[in-house]
Amino acid sequence: MTVTLWDTNGGEVVRALAAERRAGAMMASGLALTLVVTAAEKDVAAAEQAATIAAQAHPCRLVIVVRRQLDTADRLDAEVQVGGRLGPIEAVVMRMYGRLTLHPESVVLPLLAPDCPVLTWWHGPPPDEIATDPLGVLADRRVTDCALAPDPIAALRRRAEDFAPGDTDLAWTRTTPWRSLLASAFDALDLPPRAARVAAEAGNPSAALLAGWLSARLGVASACEDSAGPGITDVEVRLGEVEEGDATSEAGTSIRLSRPDGRLATFSRTGQPDRQLPLLRRPLGELLAEELRRLDADEVYAEALEAATGTSELSGRSPRRTLVWRDPALAAAAAH
Amino acid sequence: MFGVTGDLARKKLIPAVYDLGNRGLLPPGFVLLGFARRDWDHGDFEQLARTAAEEHARTEFREDVWRRIADSVRFVPGSFDDDNAFDQLARTLVELEDSHGIAGNAAFYLSIPPAAFPVVLKQLARTRMADGEQRGGWRRVVVEKPFGHDLQSSKELNRLVDSVFTPHDVFRIDHYLGKETVQNLLALRFANTLFEPVWNSNFVDSVQITMAEDVGIEGRAAFYDTAGAGRDVLQNHLLQLLALTAMEEPVSFDAESLRIEKRKVLTAISLPQDLAASTARGQYIQGWLAGERVRGYLDEEGIPPTSTTETYAAVRLGVETRRWAGVPFYLRTGKRLPRRVTEIAVVFKRAPHLPFSKTDTTELGNNQLVVRVQPDEGVTLRFGSKAPGSAMEIREVSMDFLYGSAFTESSPEAYERLLLDVLLGDKTLFPDHEEVEASWRVVDQLEQFWSTTAPEPYRAGEWGPKGADEMLARENRTWRRP
């Protein structure tokens, strides 16, 4: 049940979706949110696959927007699917050309499920300023992925500067299994933490956020070290008070979680036998599904981001953004 | 039918006649007699009617059905001030009585601009066509909105129509009332036990009635610029929907009982003290809508560049009855909004106590019952539900009833139903002049206030001006995104 519309307009897309919903009305009920995905052409397949996995856990309307070249005639192509190749969900995949790429919301707004939260996910380098993207302004939750930026650590800093409650980043989502293992380890500890250390591939934004989380939650300094990867390879928290002038304190108690191969982690604690745990790097779809689970602002992420980037008061900002109009054509003209 | 070459006749009325014929609901002696200033014969009019039916009818176009209708299509050319033409019209009516066996029954559909009403009505009186007794049958007149442009003019219009026809024979069309879902609102409220007990200020927080259009003014510049959203939509459609939502249970479903209840509500409507804070008025400017660039209202053809006519209107009304004391009714309508949708949303109060932690219910809003009038006709119920997972996370879900899936027969077009009711003489779905006047009493006060203000600009493709959002924000509410 796929309808493909070439050189169409927003009204036609809305009608096609309504017609398809009527045809397959059984599955169309129970929408809880709209997932808006923006991706470049080369990443559409991966985005579709991830969104499909996520949508199976959280019934939603999926709207994928591909913004193609600006310097061409305005044009909209759309593919409407209800229970089609993307599984038992309703999805609209749209490709926009010309000046329309600057006004994607004119097509997306009427496609949003009535009065449901909207989550926008950028599968690609995060925008420098979310307020300049109409698809970010209309969303209640915004998910970026700093790992896909040319300079992930700089991108993370931009995310903090540009932050509004409701923003999260998949680099943060990737730390969830690490955080839950570490948090559960603290259940059985009575020694106060002293310092923390995270080792990862150079420029890994998840490592920066994990280190930020450790210092925000434990109130200790945490350091990031480069390793050969993949991803985060090692987390260590040293425990206990250091006595003044005690040369041996470096060898004090610690807990450590290391995962050199991206699959199996070893949990070690001074004085206890090592334990092996699966700690898989998760596919994109599972990460996205986790983000869809909670639609309120993630305050723990805000704290970790503050600590990782040296910013403060992120949660106190307004969750609403107002569109900042930026016309690339004018910017290009000004540059000449 | 006067004004057969107009948009309404071609897109709605003639197709509705065909649909009724196709469903076998036209009486055997039915004749469609067109009158317009065109140098046409019956054949030319039949061709226009045929094209209209082919293009706009809801049901499948069938040649044999059309041939039957085509036999009874007649045309009389002439202008409204041409006595000869009306004499000819009167003669044609008499001839048709004999040739088609109609017992003197005739309904006059005035699908014409209000300015032409007086002259046409005078002609009908002069030729005694409006007098049914003379021919031993009934004579009815169907009037389209606008029913005047304020209380005064609407009263004058009434006096005029009543002086020619008896009040009982005047049918004022508000096509929204012919829609299935509007009638279903009555079924929903009065045929069930589930909803009526909570349909009052003890449980209802507020009511939002929205009629949004994505189109602009579509060649109606001359009329629209003098009317605006307030007179064009708020005065009739929105207030009628409010009346049906808020009215008490009628003692029976006949026309009089229903109108008694609607009239009570309309006369109980109160305007807010501070009109500046509780109303919003907007005019669209250039923007992008549905993937295309559209021009602003002031750039539309035939609109003066200094026009202060509103294309968006929102207002907070109260209904001063025990049932609705303190419950705000938010009404809004606008052109060039993101999508075409009409709905009535009853927003319930939040549960008085939530035995969950605060973070569990941050995504839980108010329960809502939404009657979708168009499109996707149906009803939605929104309530909180636990999201699957190990944590207690409560999220809003919606339960949908969709007409298209629950009943396989497609809903008749509003005009089909209303035309049939005119022929049957059933006035249940037609507002009477007292309702119209009560509505004008509300809208006149608004218009009077608005005449001193300039409309706030909003971009085409947005959900109206900022002022409308702020108006609800002041009362800690937000507009539903339909």
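Two strands pair if DSSP finds at least two bridges between them. With that in hand I opened this predicted model and went to chain A.

**Entry 1, a strand pair.** I looked up β12 (residues 254–258) and β13 (residues 264–269) of chain A and found four bridges joining them, with the strands running antiparallel. Within this pair, A:Ser258 stands opposite A:Thr266 of β13(A).

**Entry 2, the whole sheet.** I then traced the open sheet of six strands in chain A, and its order reads β10-β9-β11-β12-β13-β14, with mixed pairing. β10 (221–227) and β14 (272–278) of chain A each have a single partner strand, so one side of each has no neighbour in the sheet. Ignoring direction, I noted an average turn of 15° between neighbouring strands.

**Entry 3, helices on the sheet.** Helix α8 (residues 176–186) of chain A packs on the sheet and touches β11 (232–239), β12, β13 and β14 of chain A. Its direction makes about 155° with that of β12(A). Helix α9 (residues 205–218) of chain A also packs there, touching β9 (193–201), β10 and β11 of chain A, at about 175° to the direction of β9(A).

**Entry 4, the core.** Which residues touch the most other members of the largest nonpolar core? I got A:Leu35, A:Leu62 and A:Ile64, in a core of 212 residues. Helix α9 (residues 221–246) of chain B gives the largest share, ten residues. Back at A:Ile64, I listed its contacts beyond four places in sequence, among them A:Val37, A:Val44, A:Glu48 and A:Met94.

**Entry 5, between the chains.** I found 26 residues of chain A in contact with 28 residues of chain B. On the chain A side, α1(A) gives the most, five residues.

Notes. Residues numbered from 1 in each chain as written. Chains lettered and ligands numbered in written order. Predicted model: local features only at pLDDT ≥ 70, side-chain atom pairs only at ≥ 80, totals over all residues. Core = buried A, V, L, I, M, F, W, Y, C linked by C-beta atoms within 7 Å. Buried ≥ 20, exposed ≤ 12 C-beta atoms within 10 Å, placed from the backbone. Contact = placed C-beta atoms within 7 Å. Axes fitted to C-alpha atoms, helices over the stretch in contact; angles between N-to-C directions.
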